[in-house]
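Visitor: Pick one part of this model and walk me through it up close, please. I'm after backbone angles and exposure, plus whatever else helps me place it.

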Amino acid sequence: QVLVRDSGGGSVQTGGSLRLSCEISGVNLKITPVRWYRQAPGLQRELVATIGGDGGASYADSVKGRFSVSKDWARNRVFLQMNSLTPEDTAVYSCNVRRQLSEFWGQGTQVTVSS
């Protein structure tokens with residue numbers, strides 16, 4: 001069974017940092033890409049970052065240079081380090097994996113950035 005749980009959201013001031021975590025059971029993170037999405041009211045869901053099975057990462061232009069995705073495959077965890085946060089980063093963040101023909105999502109964790 002695949003289970004996905006994301007956590008680590010909260011409220012920070014502009015310029016602050018947060019680290020999100022995604023714990024994933026039932027998949028091999030050495031070979032399975034993991035994606036972070038975010039969605040704010042009135043906006044499309046946005047792919048923020050991806051980490052491949054080999055550890056290679058890619059990012060949306062809006063977060064390049066500020067966000068960093070990493071993983072600890074032995075602990076079945078993926079992280080999203082978010083720095084230099086701005087109010088435009090306010091959203092619900094969710095991690096996502098695909099295994100075989102199925103797709104699995106975390107429950108979402110709220111990130112709020114204020115002045």
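**A loop serine and two other residues**

Guide: Let's start with S84, which sits in the loop between strand 8 and strand 9, the latter covering residues 91-99. Keep in mind that this is a predicted model. What stands out at S84 is the backbone: phi is near 50°, so a positive value turns up in a residue that isn't glycine. That's worth a second look, because most residues other than glycine have a negative phi. As for exposure, S84 has a relative accessibility of 41%, and because that falls between the 20% and 50% cut-offs, S84 counts as partly exposed.

Now hop to the other end of strand 8, which spans 77-82. The loop between strand 7 (67-72) and strand 8 holds N76. N76 isn't a glycine either, yet its phi is positive, at about 55°. The relative accessibility of N76 is 24%, so N76 is also partly exposed.

For a buried residue to set beside these, try T50 in strand 5, residues 46-51. Its relative accessible area is 13%, and T50 counts as buried because that is under 20%. Who's packed around T50? Leaving out residues up to four places away in sequence, T50 touches P33, V34 and R35, along with G56, A57, S58 and V69. If you want a distance to check in your viewer, go C-alpha to C-alpha from T50 to W105: you should get 14 Å in space, for two residues 55 apart in sequence.

Note on methods:
Residues are numbered from 1 along each chain as its sequence is written. This is a predicted model: local features need pLDDT of at least 70, side-chain atom pairs count only at pLDDT 80 or more; totals for chains, interfaces and linings use all residues. Side-chain values use heavy atoms; hydrogens and water are left out. Helices (H or I, at least four residues) and strands (E, at least two) are DSSP runs, numbered from the N terminus. Buried means under 20% relative accessible area, exposed over 50%, partly exposed in between (1.4 Å probe, protein chains only). Contact means heavy atoms within 4.5 Å.
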